[in-house]
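Please walk me through this structure, starting with its overall layout and ending with single residues. I am new to it and would like a plain explanation.

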Amino acid sequence: MSEEETGEEIILSELDDAELVEQMFDDLYDGMREEIEEGVRILLDRGWAPYKVLTEALVGGMKIVGEDFRDGILFVPEVLLAANAMKGGMAILKPLLAETGAPTIGKMVIGTVKGDIHDIGKNLVSMMMEGAGFEVVDLGINNAVEAYLEAMEAEKPDILGMSALLTTTMPYMKVVIDTMVAQGLRDDYIVLVGGAPLNEEFGRAIGADAYCRDAAVAVETAKALIARRHNSAAAG
Ligand code: B12
């Protein structure tokens with residue numbers, strides 16, 4: 001039963017871990033940013049690793065929101081509130097995930113493609129990459145090919161990351177990669193792509209170096225591809 005139904009106020013700190021995570025799923029669903037921020041702090045105080053809070057409490061909760069959005073139970077305004085609550089929790093975790101002082105192992109330019117305003121997954125990838133020692137330049141949402149090209153020219157990253165959450169916007173990734181090929185730039189960068197509707201086959205078909213299903217895989221893949229690049233540069 002929800003808080004409103006019982007009329008009783010739930011004291012988050014009095015719940016055990018499992019109950020608290022359950023409650024956070026409800027609070028995320030209801031777009032309650034302050035409660036989500038409080039829940040994140042409580043879990044951290046109890047010794048939860050930031051990554052565990054992120055994946056089990058926040059991403060877990062967003063999955064439920066996603067399913068009900070898909071099924072027409074939730075609509076855009078509610079999902080925006082949920083996204084806002086999620087961002088509140090992510091903001092607390094961000095500095096903790098970014099190990100300060102770690103040597104930079106590479107640089108990434110990342111952005112959501114043109115026509116697409118989903119940015120939670122992209123932000124999560126940015127956070128995890130920073131935490132793993134990458135420098136990240138985030139171009140935000142709705143990026144046309146020109147924005148990616150300008151950023152690559154200005155920032156000289158090792159990696160270009162593109163995010164798309166819509167089946168209608170994912171083909172735009174190919175537009176960007178094809179333009180890079182046409183301008184003779186494609187081989188200068190590692191191209192990683194991600195977003196819920198993509199898969200490995202799509203990544204291969206559009207000429208990306210890799211599709212990554214989540215932020216953890218993005219970090220592992222980025223590290224592996226950077227190492228391979230350095231090795232082949234040393235050998236060649
Ligand atoms: C939140 C959300 C919104 C919010 C976005 C808020 C924000 N600031 O991002 C709002 C309400 C604005 C929204 C709007 C719309 N949405 Co929406 N949205 C979602 C929802 C529920 C969750 C997405 C999310 O944040 N997931 C959580 C994150 C953590 O996961 P993720 O994004 O997949 O990211 C992970 C991986 O994919 C990967 N990854 C992601 N990007 C990248 C990039 C790189 C480089 C790498 C390596 C990895 C990587 O790593 C991430 C972290 O692990 C999804 C449902 C779903 N199942 O995805 C629908 C969903 C994506 N939306 C959908 C739709 C239809 C829309 C709208 C068209 C609705 C409308 N009628 O207006 C609009 C489109 C607006 C636009 N032009 O972009 C559909 C898309 C269907 C389709 N087949 O195309 C979905 C699938 C819902 C559904 N089933 O119907 N949405």
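The paragraphs below go from the domains to the ligand, then to the core, one helix and a few individual residues.

The model is predicted. Its protein chain is divided into domain 1, residues 10–97, and domain 2, residues 106–235. Taken over C-alpha atoms, the centres of the two domains are separated by 27 Å. Six residues from domain 1 and five residues from domain 2 make up the contact between them. On the side of domain 1 that touches domain 2, α5 gives the most, with five residues. By class, that side of domain 1 has five nonpolar residues, one charged residue and no polar ones.

Next comes the ligand. Where does the shell around the ligand lie with respect to the two domains? Domain 1 and domain 2 both give residues to the shell, so it lies between them. The ligand is surrounded by 37 residues, and the closest are Arg70, Gly121, Gly161, Ser163 and Gly194. Several elements supply at least two residues each to this shell: the helices α4 (50–70), α5 (76–97), α6 (120–131) and α10 (215–235), and the strands β3 (159–163) and β4 (190–194). The largest share, six residues, comes from α4. Divided by class, the shell has 23 nonpolar, nine polar and five charged residues.

The interior can be described through its nonpolar residues. The largest nonpolar core has 58 residues. Those with the most contacts inside this core are Leu28, Met128, Met129, Met173 and Leu192. At least three residues of the core come from domain 1 and at least three from domain 2. Leucine 28 can serve as an example. Setting aside residues up to four places away in sequence, leucine 28 touches Ile36, Gly61, Met62, Val65, Ala82, Ala85 and Met86.

Helix α8, residues 172–182, shows how one helix is placed against its surroundings. Its buried residues are Tyr172, Met173, Val176, Ile177 and Met180. These residues cover an arc of only 150° around the axis, and therefore they sit on the same side of α8. The buried residues of α8 pack against α7 (145–155), β3 and β4. On the face turned away from the buried side, α8 carries the exposed residues Val181 and Ala182. Lysine 174 also has its place in helix α8. Lysine 174 is partly exposed, because 15 other C-beta atoms lie within 10 Å. From C-alpha to C-alpha, lysine 174 and alanine 205 are 8.7 Å apart in space, while 31 residues separate them in sequence. Just after α8, glycine 184 takes a positive phi of about 70°.

A positive phi is also found at two residues that are not glycines. Asparagine 142 has a positive phi of about 55°, and lysine 156 has one of about 45°. The two residues flank α7 in different loops: asparagine 142 lies in the loop between β2 (134–138) and α7, and lysine 156 in the loop between α7 and β3. Are these residues buried, partly exposed or exposed? Asparagine 142 counts as partly exposed because it has 15 C-beta neighbours inside 10 Å. Lysine 156 has 11 other C-beta atoms within 10 Å, so it is exposed.

Two charged residues complete the tour. Lysine 122 lies in helix α6. With 25 C-beta neighbours inside 10 Å, lysine 122 counts as buried. Leaving aside neighbours within four places in sequence, lysine 122 is in contact with Ile110, Thr112 and Ser163. Ser163 is also one of the residues closest to the ligand. The C-alpha atoms of lysine 122 and aspartate 27 are separated by 22 Å, and the two residues are 95 residues apart along the chain.

Glutamate 37 is found in helix α3, residues 33–45. Because it has 16 C-beta neighbours inside 10 Å, glutamate 37 counts as partly exposed. Beyond its neighbours within four places in sequence, glutamate 37 is in contact with Gly88, Gly89 and Ile92. Glutamate 37 and glutamate 22 are 15 residues apart in sequence, and their C-alpha atoms are 15 Å apart in space.

Notes:
Residues numbered from 1 in each chain as written. Predicted model: local features only at pLDDT ≥ 70, side-chain atom pairs only at ≥ 80, totals over all residues. Near = placed C-beta within 6 Å. Helix = DSSP H or I, 4+ residues; strand = E, 2+ residues; numbered from the N terminus. Nonpolar A, V, L, I, M, F, W, Y, C, P; charged D, E, K, R; others polar. Domains from an automatic or database assignment. Core = buried A, V, L, I, M, F, W, Y, C linked by C-beta atoms within 7 Å. Buried ≥ 20, exposed ≤ 12 C-beta atoms within 10 Å, placed from the backbone. Contact = placed C-beta atoms within 7 Å. Arc of directions from axis to C-beta.
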